[in-house]
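Work through the exercises below with the model open. Each task is followed by a solution in steps.

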Amino acid sequence: IKVSASQKSSLEKAKVLQGNATLDFSASPNVETLLFKGKSGGSVNGLKFINAAIDAEASPNFKITNNTFSGYTGKGWGNDKKLVRLVNGSHNGTISGNQISWDNTSVNLNAYSARNSSGVTISNNQASGRLEQGIVMNGVTSGTVSGNRVTRVSGTPGAGQGGNIALGEDHGIYVLNAANVRVTGNTTNGWSNESSGGGLKIKDAEKITVTGNNF
């Protein structure tokens, strides 16, 4: 389904999106973000997205599950470079079973993230390509990061030329301003051993459990 601007607006009004359809936003010159705001108990499940991102805001118990994301070649990108995320009161939300193939060569991606929400689970997802960050837990309490695999492909630029953040790296898994977060059974590949890299960084956090990971 090639999605027009009006159809995109209708999709954002839905509380539940699911099925086996392919939603194609490739006509846009930029990555298109589907924003779900105030959709408590909502979900996006089982879909194939081309040139799209998902942002759930102030949506408790929101679930983003079993979707695939691809088709970003040559597209412009903003949105803090975060493709799939739960933010600002999306408590007890879930990001699970998704797969991202980032083929954009102009900007490095932050694949999965949660911010300012409690009880968030990010599990059993995959992401590969030119990644800056694989998974971010920022301002999260009682969260879980488990069973994910994020791969930063060979040749991805590191810290960047002249401080160019778009060409940088910033940790495979990053847990900051957080408490009571479990990081278990994840695999990260391709981050350097520079201060900007590393498979895992924990900052300004407490009661963090890290077990059974492969960095």
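**Exercise 1. Find the bridge partner of Ser128 in strand 17, then place the pair in its sheet.**

Step 1. Ser128 has Thr151 as its bridge partner in strand 17. Helices (H or I, at least four residues) and strands (E, at least two) are DSSP runs, numbered from the N terminus. The model is predicted, so local features need pLDDT of at least 70 and side-chain atom pairs count only at pLDDT 80 or more, while totals for chains, interfaces and linings use all residues. Residues are numbered from 1 along each chain as its sequence is written, and side-chain values use heavy atoms, with hydrogens and water left out.

Step 2. Strand 14 (residues 126–129) and strand 17 (residues 149–152) run parallel and are joined by 4 bridges. Two strands pair if DSSP finds at least two bridges between them.

Step 3. The open sheet has 7 strands in the order 2-5-8-11-14-17-20, with parallel pairing. Strand 2 (22–24) and strand 20 (187–189) each have a single partner strand and stand at the edges, so one side of each lacks a neighbour in the sheet. From one strand to the next, the twist averages 10°, an angle between N-to-C directions (0 to 180 degrees) of axes fitted as lines to C-alpha atoms.

**Exercise 2. Describe the surroundings of Asn180.**

Step 1. Asn180 belongs to strand 19 (residues 179–184). Its relative accessible area is 38%, which makes Asn180 partly exposed, since buried means under 20%, exposed over 50%, and partly exposed in between (1.4 Å probe, protein chains only).

Step 2. Leaving out residues up to four places away in sequence, Asn180 touches Thr141, Ser142, Gly143, Glu206, Lys207 and Ile208; contact means heavy atoms within 4.5 Å.

Step 3. Strand 19 is joined in parallel to strand 16 (residues 144–146) by 3 bridges, and Val145 stands opposite Val183. Strand 19 also runs parallel to strand 22 (residues 206–211), with 5 bridges; there, Thr184 stands opposite Thr211.

**Exercise 3. How many residues of strand 15 are buried, and which strands pair with strand 15?**

Step 1. Of the 8 residues of strand 15 (residues 131–138), 7 are buried, so the rest of the structure largely encloses this strand.

Step 2. Strand 12 (residues 109–115) is joined to strand 15 by 6 bridges in parallel, with Tyr112 opposite Ile135.

Step 3. Strand 18 (residues 173–176) pairs with strand 15 over 4 bridges, also in the parallel sense, and Val136 stands opposite Tyr174.

**Exercise 4. Which residues of helix 1 are buried, and what covers them?**

Step 1. In helix 1 (residues 5–13), the buried residues are Lys8, Leu11 and Glu12. They span an arc of only 100° around the axis, so they lie on the same side of helix 1; the arc is that of the directions from the helix axis to the C-beta atoms.

Step 2. The face turned away from the buried side of helix 1 carries the exposed residues Ser6 and Lys13.

Step 3. The cover over the buried residues of helix 1 includes strand 1 (16–18), strand 2 and strand 3 (32–37).

**Exercise 5. Summarise the protein as a whole.**

Step 1. The protein has 1 helix and 22 strands. Its radius of gyration, taken over C-alpha atoms, is 16 Å, close to the 17 Å that the globule rule (2.2 Å times the number of residues to the power 0.38) gives for 215 residues, so the protein is as compact as a globular protein of that length.

Step 2. Among the 215 residues, 47% count as buried.
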